Structures are given as structure tokens and as C-alpha cells.
Amino acid sequence: MRSQSQLNRLALPIDDVGEQVLEIILDNDTCIILGETGCGKSTQIPQICTRLQEPGQIAITQPRRVAAMSLAMRVADEMDSEVGDKVGYRVRFEAKCNDDSNIVYMTDGMLLREAINDGFLTKYSVIIVDEAHERSLHTDVLLYTLRLAQKQRKERGSNPLKIVIMSATMNADLFSQYFDNAPIYLIKGRTFPVEVLYAEALNGDGSDYVYNVLITILQAHEREPISDDILVFLTGREEIELTAAKLKDVNQKLSQKMAIYPLYAALKTTQQQKVFESAPEGERKVILATNIAETSLTIPGVRIVIDSGKVKLKTFTAGDGIDVLRVERISKAQAAQRAGRAGRESSGKCYRVYSSKDFDRMQQSSVAEILRSNLSAVILELISMGLRNVKSIKLLEQPSAEMMESAERQLKGLGAIRDSKNGKKLHLTEDGEKMAKFPIEPPLSKVLLGSCSLECTEEALSVIALLSSEELFLQSDDDSVMVTRRKVASNEGDHVTMLNAYNLFKAEKKKKNNNNKNLAEWASQCGFNLRALVHAAKVRKQLREIASKEELAIKSCGVDRERLRKSLAIGLFMNACEYDNQKNAYRLLLSPHTLVRIHPSSVLSRSRPSHIVFSQLLRTTDLYAKDVSVIDKSWVESAISEFKRRK
DNA sequence: GAGCACTGC
């Protein structure tokens with residue numbers, strides 16, 4: 001019998017083909033389901049899978065937490081059940097599900113973590129990977145482990161694993177080939193037509209794209225009905241704030257006003273939420289967003305999209321081990337995704353601030369994250385799942401040999417893996433086994449291990465948790481902020497400074513009895529990013545739990561922060577630098593030709609200690625070291641000469 | 001006087 005909420009649910013395109021979908025899943029170990037936006041696949045296919053009557057849970061993965069949680073709530077409602085009962089979700093720090101839940105929504109990273117402890121993923125009979133076309137790092141690695149688990153379960157004659165890959169209509173063949181030519185099934189969607197307009201007069205060098213976007217906004221505002229909201233895609237905070245200021249300037253001369261809403265991840269949550277409010281009576285809503293509005297946030301009311309054609313993208317280069325963050329041209333698929341944002345509720349328009357020739361020159365799809373990331377964490381995870389040969393790893397798209405070797409070299413340098421005696425296989429060391437248990441980058445888990453013998457693990461845990469969170473210090477020149485900044489600043493560097501700030505936060509949290517409103521006020525007076533502190537506290541708790549499970553000695557160094565800096569030097573020795581007087585810059589001890597500057601946001605940016613380590617190296621307008629600590633050269637010398645010897 | 005896109009375990 002159908003429940004009330006099922007009857008109330010709007011008919012979806014997938015309803016007409018439910019039986020066919022069931023049959024395909026039934027007949028195949030793996031299948032690819034292509035669903036256009038609005039076809040209902042994410043909510044309906046897991047429910048269809050329950051009709052397979054396989055023992056074991058049905059998992060469905062999402063790249064983002066919010067999606068996993070809200071989908072679980074919707075489906076629970078459709079099944080006339082509470083979340084956590086028949087339908088549940090599991091994301092980091094939060095779970096609502098039990099062993100009897102039929103359907104579990106989760107993040108792909110969460111399932112990947114589970115696979116590290118149980119490579120066969122025995123408790124699942126069906127695993128559905130949703131949004132596979134986004135090609136997140138976790139999705140790609142998960143697909144590899146699923147392929148392996150399915151094969152191994154078959155070989156052992158244990159319960160079979162069904163895999164369903166769900167994707168937008170692109171790159172389907174890639175998924176199919178990866179899974180032994182798995183069948184592809186297409187479900188039509190329900191979206192509205194979007195008219196695409198090109199700026200044919202632009203010559204394509206794109207140098208003035210921010211200015212061109214500004215002009216396009218003003219033109220659209222003049223031409224289009226005032227009730228149509230405009231969503232503009234730009235690349236970053238600075239650009240967005242600049243454009244917002246200019247628009248507000250122009251606005252004063254206009255009789256028909258615009259209401260401007262900036263939108264990017266670093267914005268305070270309360271300010272982000274403003275885009276969901278309606279504009280003042282008679283004004284047009286104009287949202288200036290980064291690609292946060294491409295997938296993470298859907299804003300109702302948008303009928304016009306203005307697309308700069310640009311995106312800020314981080315790319316790791318294996319040769320020198322440097323992350324580069326730069327503005328790049330988007331892909332055709334990304335342009336389509338942006339345009340689609342205008343057709344969610346009714347027909348819309350997309351102004352592309354580039355010519356159709358520029359569009360033709362774009363790549364079909366964006367470079368997958370796995371092809372532009374440092375792979376050391378991925379490789380360590382796979383080896384801990386039992387892989388013994390890096391060359392046997394076959395991913396959906398294979399990163400270059402250089403990328404793989406760079407990761408292997410880093411892990412060997414950290415003492416996480418070593419070659420077997422005949423040099424053909426890789427083994428986890430005792431340290432490596434522990435490091436793989438922590439959901440952090442290998443250099444940081446090495447810092448954590450190092451902190452145990454130096455008896456400063458309490459401090460290392462705080463610092464590592466903060467390094468895994470957003471930027472802690474907000475930009476501000478308020479007096480109260482400067483006072484706090486001076487209070488926490490340490491001449492030992494950013495890590496100790498962060499620790500000081502975190503300890504202030506802990507004390508304040510106790511004092512304020514966890515009252516969120518008071519804490520928010522306090523944080524804003526101090527110029528601290530409360531979201532970062534709260535997140536760090538959760539991460540710290542999780543890391544500490546893993547550390548005690550792994551029976552690490554958790555001790556505190558009290559005020560002796562030198563021990564903390566020594567631990568940092570152990571894990572980050574590859575990032576040790578020496579000051580060069582002539583160049584007024586730093587040189588990496590491991591590659592002296594590389595000149596590095598201390599990032600302007602660092603407490604050490606105006607001092608010149610002779611030796612430093614940093615936790616991040618990023619090329620933007622210059623090559624910057626971020627999160628820097630003062631060290632003594634002797635702390636890293638032996639690790640560095642050992643690393644050079646091996647190379 | 002400079003300066004970080006977005007996710008996630």
C-alpha cells in the first residue's frame with residue numbers, strides 16, 4: 001500500500017521506467033544509470049533496490065554531506081519512516097542509522113574510510129555511487145576499491161556486491177569500460193529550456209573578464225524583467241567584493257535598483273543565508289558567486305545566469321611538489337552546469353561572457369581531481385587495504401607515472417612504506433599502519449607520531465586539527481582584533497600562534513557554557529573564524545579517539561612549545577627552508593633552486609628566521625609558504641640527508 | 001603592501 005507521503009510526492013520521470021531499472025540492476029553485477037537533472041534517481045533508485053530483496057544494506061554515496069543528509073530525510077519521509085530507522089545517513093561527525101536500516105546515504109569519503117577497515121565492504125549488498133560525473137577524488141578512489149571488492153567477493157564465493165553508478169549524461173563510456181562494459185541506461189530529466197547568449201564581440205584573451213562581466217550585468221539588468229534574479233559566476237572573493245562595490249556605486253544613479261548578494265565559502269554563514277531571502281520590494285536580486293553556486297548551493301528564483309567562463313583551480317605538480325592556484329578557463333560541461341542553474345524552476349537565459357568560438361575551444365570536461373592532486377594519502381590508503389604494487393593500481397583515469405612516483409617517494413621519505421627484500425612489493429611499516437588510520441595528510445600523521453616520543457601530542461592534535469580546518473584568522477583592522485592578535489602571536493611561528501588561539505577558544509567555551517550566541521560575539525571581537533574553531537574541535541576529538549585506539553601515548557608539553565616545533569619538523573622535514581640573504585627569500589633544503597616567500601598572512605612574514613618549516617606551499621602571485629614555524633637546522637638534517645641518499 | 005576556488009575523511 002502506498003503511504004500518504006508517497007501519494008503526495010510529485011510524479012517523477014523515473015516512475016515510468018522503474019521496472020526496467022530494476023531489471024537492469026537485477027541482471028547485472030554493475031550498471032551505469034545516466035540521469036538528467038530532476039529525474040528523481042537519487043531518491044528513487046535506492047528504493048527500487050530494496051525490491052531486490054538482497055540481504056545486506058544498500059549504500060548510496062554523495063560527494064557532499066548536506067546532500068547525503070537531506071536526501072535521507074526526503075526518502076525516509078516518502079517511506080513513511082523516521083530518519084535513522086529504515087533509511088539513515090552517515091557522514092563524518094554525524095550519523096543517524098542503525099544496523100537494520102535498509103538504505104544508508106553517506107558521503108563517498110565515509111565509505112572509503114570504511115573500506116580501509118573492511119576492504120570487502122561485507123555489510124553492503126548494493127552500493128550506489130551518485131554524482132560520479134563530478135569525479136571527486138573520493139569518488140574515483142572509491143570506484144577502484146569497489147571494483148576490487150566486487151571481484152574478490154566473487155572469487156571467494158561470498159555474498160555478491162552489486163554496483164550502480166549514477167552520473168549526469170557525460171563520460172558514460174569511461175565508467176562502462178572501467179566496469180567490464182557494464183550496460184548504460186538513460187533516464188530523461190525534467191528541466192526547463194535555457195537560452196544561451198554569447199558575447200561574440202569579445203576577442204577571447206579574457207584579460208578583462210571581470211570588467212566584461214560587470215558590463216553584462218548592467219545590460220541584463222536593463223533588458224530583463226525585474227522579477228528575474230541574476231546569478232553571476234566569478235572566481236574568488238576579491239573579484240566578487242570588487243564587483244559588488246562597483247555595482248553599488250552604479251546603483252545610486254539607477255532608478256531601478258539592484259540588491260547585491262556576494263556568495264563564497266569563506267563568508268560567514270549568516271551572510272551566506274541572505275541569498276535565500278527575497279530582495280527589498282521593487283529591487284532585482286543579483287548574486288555574485290564562486291562555483292559554490294554550481295553544485296553546493298541551489299538558489300531559488302534564478303532565471304538568468306551570467307557566466308565569466310573562468311574558475312579558480314588548484315593543480316599539484318609532481319615535478320616540484322608545488323600546488324598552483326590559478327584562474328583557468330572552464331570546460332564545456334561546466335559551462336552547461338552553470339547555464340542549467342537558470343532552468344531549475346522555469347525557462348531561463350544564460351549570458352556567456354565569451355564568444356561561441358571561445359566556447360568551441362574549451363575542453364569537453366574538466367580535468368578530474370585525481371589527475372591534479374598530491375596522491376600520497378590515496379596511495380597510503382590503498383596500500384593499507386592490501387595493495388602491494390603501486391603499478392597495479394588502475395584508476396578510472398590514470399595519473400601520470402610521475403604523480404604516482406612522487407607520492408611513493410613521499411611515503412617512503414616519511415617512513416610509512418618500504419620495499420620488500422626483492423624490491424618488487426611494497427609494505428606498510430609499523431608507522432605507516434598507524435598513519436593510514438588517521439583521516440589527514442601523511443606528513444601530518446607523521447607529525448602526530450613524532451609528537452608521542454616528544455611528549456606533546458595534546459598540542460600536536462590541536463595544531464593538526466586547525467590545519468585541517470578553514471582559515472582561523474579573519475581579516476580585520478578593528479582595535480579589539482589587533483589586541484587579541486598581539487596576545488596570541490608567537491615568535492615561534494604560526495603553529496604556536498594557532499595553538500594559543502585555540503586554547504583561548506577552549507577557555508572561552510567553558511566560560512560561556514557553550515552558549516553559541518555569546519561565543520559568536522566573542523569570536524567576532526577577536527577576529528577568529530568561529531566555524532573553523534568549532535570544526536577543529538570536532539576533528540581534534542576524532543583524531544584523539546583514533547590515537548588512543550592505536551595506543552599512542554598522549555601527553556602534553558605544557559609551555560615547552562619547542563617540543564611541538566620539533567614534532568612538526570619530523571613530519572614536515574621535506575618543507576624545511578633556509579634563509580638566503582642575497583635573495584631575501586627562502587630556499588628549500590631539498591631543492592635549493594626553489595625560492596619561497598613567507599605568506600603575508602603569517603606572523604613571521606616580517607621576520608627572517610634562518611630556518612623554517614611550513615605546512616603548505618602554494619603558488620599564486622608568488623610562491624608562498626603558509627603556516628610557518630621557526631626550527632633549528634639540526635632537527636631536520638639527518639632526515640634530509642637520508643632522503644637524499646635514497647633518491 | 002601583500003593575500004585562498006570548492007569539497008571531504
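Me: Where does Glu 551 lie in this predicted model?
Reply: This is a predicted model, so let's place the residue by the helices around it. One helix, α21, covers 530-549, and another, α22, covers 562-571. Glu 551 is in the loop between α21 and α22.

Me: Is Glu 551 buried or exposed?
Reply: Count the neighbours: 9 other C-beta atoms lie within 10 Å of Glu 551. A residue with 12 or fewer counts as exposed. That count makes Glu 551 exposed.

Me: What is phi of Glu 551?
Reply: Most residues other than glycine have a negative phi. Glu 551 is not a glycine, yet its phi is positive. The value for Glu 551 is about 60 degrees.

Me: Which loop holds Arg 135, and what is its phi?
Reply: Arg 135 sits in the loop between β6 (124-129) and α6 (137-156). Here too, phi is positive in a residue other than glycine. For Arg 135, phi is near 55 degrees.

Me: Is Arg 135 buried or exposed?
Reply: Do the same kind of count here: Arg 135 has 23 other C-beta atoms within 10 Å. The cut-off for buried is 20 or more. So Arg 135 is buried.

Me: How are α17 and α21 set relative to each other?
Reply: Two packed helices are described by the angle between their axes and the distance between the axes. For α17 (residues 457-467) and α21, the axes come within 8 Å and cross at roughly 135 degrees. Angles from 65 to 115 count as roughly perpendicular and those over 145 as roughly antiparallel. The crossing angle falls in neither range, so α17 and α21 are oblique.

Me: How many nonpolar residues are in the contact of α17 with α21?
Reply: On the α17 side, the contact includes Leu 461, Ile 464 and Leu 466, and on the α21 side, Val 539 and Leu 543 are among those met. By class, two residues of the contact of α17 with α21 are polar and two are charged. The number of nonpolar ones is eight.

Me: Which hand does the crossing of α16 and α22 have?
Reply: Helix α16 (residues 442-453) packs with α22 at an angle of about 135 degrees, with the axes 7 Å apart. That makes α16 oblique to α22. As for the hand, α16 passes α22 in a crossing that is right-handed.

Me: How many charged residues are in the contact of α16 with α22?
Reply: From α16, the contact uses Pro 443, Leu 444, Lys 446, Val 447, Gly 450 and Ser 451, and from α22 it uses Ser 567, Leu 568, Ile 570 and Gly 571. Those in the contact of α16 with α22 divide into five nonpolar and four polar. The charged count is one.

Me: How many charged residues are in the contact of α2 with α3?
Reply: Helix α2 (residues 18-27) and helix α3 (residues 41-50) pack at about 60 degrees, with their axes 10 Å apart. Gly 18, Val 21, Leu 22 and Ile 25 of α2 meet Ile 45, Ile 48 and Cys 49 of α3. The contact of α2 with α3 has six nonpolar residues and one polar, and the number charged is no residue at all: none.

Me: What does UniProt place at residues 213-386?
Reply: The end C-alpha atoms of residues 213-386 lie 51 Å apart, and the span is 32% helix and 25% strand. According to UniProt (an unreviewed entry), the feature there is "domain: Helicase C-terminal".

Methods. Residues are numbered from 1 along each chain as its sequence is written. Chains are lettered from A and ligands numbered from 1 in the order in which they are written. This is a predicted model: local features need pLDDT of at least 70, side-chain atom pairs count only at pLDDT 80 or more; totals for chains, interfaces and linings use all residues. Helices (H or I, at least four residues) and strands (E, at least two) are DSSP runs, numbered from the N terminus. Axes are lines fitted to C-alpha atoms, for helices over the stretch in contact, and angles run from 0 to 180 degrees between N-to-C directions. Angles under 35 degrees count as roughly parallel, over 145 as roughly antiparallel, 65 to 115 as roughly perpendicular and the rest as oblique. Two residues are in contact if their C-beta atoms, placed from the backbone, lie within 7 Å. Ala, Val, Leu, Ile, Met, Phe, Trp, Tyr, Cys and Pro count as nonpolar, Asp, Glu, Lys and Arg as charged, and the others, Gly among them, as polar. UniProt positions are given in the numbering used here, feature names are shortened, and annotations may be inferred rather than shown by experiment. A crossing is left-handed if the near helix is turned anticlockwise from the far one by less than a right angle, and right-handed if clockwise.
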